[in-house]
Amino acid sequence: MPAPIIPEVPVTPWTLYPTIADIPAKGFKRIEVEAVAIEKDHGGKVFCTRLVFSPEDGPLKMCSIFLREEGGGAVCIADMPTKEEAIAYAREVAQARRWPVNGSIWDLRICEVPGKGFVADPREPEPFTLNPARAALYHQTIAKPDLFAGGPAEYGRWIAFADAKNHAVDRAAEKAALLERVFNAALAAMGASAPPAGTLEATRMREMLKDVVEANRTDRLVIFDEVQREVLHETFAEGRFELAGHESDEELCGLILSASPDDLFDNMDTDFEHGLLEAFASEAGVAAIEAATAACPQVLSAAMLPAIQRRLQQHGIDSPFSHLFAEAGRDDAQVPRG
């Protein structure tokens with residue numbers, strides 16, 4: 001692994017050899033990929049590194065690739081900021097040198113909780129995260145079914161860290177792809193009785209499956225609590241929106257962004273408004289709003305998101321949307337004056 005004590009945090013990505021062709025062809029027997037934690041020592045002058053096997057080892061900072069020597073030693077040949085890059089690089093080396101790839105990164109597990117994402121590393125500000133790099137990592141010997149019994153993650157499931165996806169990346173595309181896979185599988189299972197493509201019956205079947213698929217997605221987002229969700233349903237049902245009553249939190253975020261601020265915030269209790277704004281600013285809320293803006297870019301020019309931004313500032317809540325308005329300000333500043 002990287003030296004246990006180093007003077008400064010490694011800059012990633014880093015590779016020991018300029019090209020894979022430069023890696024020695026002899027003297028090594030396999031490639032290993034490891035998750036690495038880095039933190040300052042108590043004196044604050046140097047950094048300590050160690051392999052991650054549990055949350056107690058420290059938060060994940062990077063993933064390193066090693067060559068295991070035939071005599072048993074190891075040489076670090078690359079440091080990567082993400083597990084995806086580390087595994088991809090290791091497999092490139094493996095293909096070039098015909099060495100097997102392993103490492104304890106494949107022994108690490110994270111707990112995925114339906115609707116909330118992954119159980120976060122204890123040093124994270126929120127108990128759940130959509131980013132597996134911020135999740136609490138456990139060695140497979142620790143990852144037992146009853147580890148979270150009695151807690152909010154009791155009904156989670158253990159999945160391999162190496163295979164875990166970032167739930168916040170292009171959620172609209174992921175949802176559409178999942179529905180398409182389920183729909184096609186259902187058609188195949190129905191055989192000759194399946195409705196022909198493009199017919200009204202096929203469209204109705206897809207719409208029926210949509211709600212079922214969304215309700216059972218392990219990575220669906222839970223943004224609002226029960227009271228907030230009930231108030232939002234009542235608010236929009238009284239307005240110009242027609243709700244089916246079982247809209248997901250992501251769908252509610254899309255409706256909110258297309259609404260007038262008066263539709264949402266008029267006569268709202270201050271404490272309730274504060275809690276709702278915290279939900280918008282949560283990791284799940286940001287992911288849903290980003291998915292909504294990706295699906296319908298027009299909402300960026302509507303009044304709701306700027307209103308949410310202003311109210312976040314008024315309530316003293318750090319806004320995750322400030323960069324959108326900073327970019328807009330720069331664009332405005334570049335417009336020549338007539």
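Here is a short walk through this structure, from one strand outwards to its charged pairs.

The model is predicted, so local features need pLDDT of at least 70 and side-chain atom pairs count only at pLDDT 80 or more, while totals for chains, interfaces and linings use all residues. Residues are numbered from 1 along each chain as its sequence is written, and side-chain values use heavy atoms, with hydrogens and water left out.

Let's start with strand β6, residues 74–80. A strand here is a DSSP run of E with at least two residues, a helix is a run of H or I with at least four, and both are numbered from the N terminus. Five of the seven residues of β6 are buried, so the strand is largely enclosed by the rest of the structure. "Buried" means under 20% relative accessible area, "exposed" means over 50%, and "partly exposed" lies in between, using a 1.4 Å probe and protein chains only.

Who sits beside β6? Strand β2 (residues 14–15) pairs with β6 in the antiparallel sense over two bridges, and strand β5 (residues 60–69) also pairs with β6 in the antiparallel sense, over six bridges. Two strands pair if DSSP finds at least two bridges between them. On the β2 side, look for W14 opposite D79. On the β5 side, I65 has A78 as its bridge partner. β5 and β6 form a hairpin with four residues between the strands, and in that hairpin G72 takes a positive phi near 115°.

Now find E34, in strand β3 (residues 28–40). Which side chain of opposite charge is nearest to E34? That is R68, 5.7 Å away, and E34 is buried yet has no salt bridge. For charges, Lys and Arg count as positive and Asp and Glu as negative, while His and the chain ends are not counted. A salt bridge needs a side-chain nitrogen of Lys or Arg within 4 Å of a carboxyl oxygen of Asp or Glu. Leaving aside neighbours within four places in sequence, E34 is in contact with several residues, including L51, M62, F66 and I105. Contact means heavy atoms within 4.5 Å.

Time for the pairs that do meet. Side chains of opposite charge can pair when their charged atoms come close. By the salt-bridge rule, the count comes to 11. In one of them, the side chains of E84 and K83 meet at 2.8 Å, N to O. E84 is partly exposed at 45% relative accessible area, but K83 is buried at 6%.

R157 and E112 form another salt bridge, with their closest N and O atoms 2.7 Å apart. This pair links distant parts of the chain: R157 is in strand β12 (residues 157–160), E112 is in strand β8 (residues 108–113), and they are 45 residues apart. R157 is partly exposed at 44%, while E112 counts as buried at 3%.

E283 and R134 also form a salt bridge, and here the closest N and O atoms are 4.0 Å apart. The two residues are 149 residues apart, with E283 in helix α8 (residues 283–295) and R134 in the loop between β10 (128–129) and β11 (138–139). Both are partly exposed, E283 at 26% and R134 at 40%. Elsewhere, salt bridges that share partners join R30, E32 and R68 into one network.

Finally, turn to helix α9 (residues 304–314), where the buried residues include M304, L305, I308 and L312. Just after α9, G316 takes a positive phi of about 70°.
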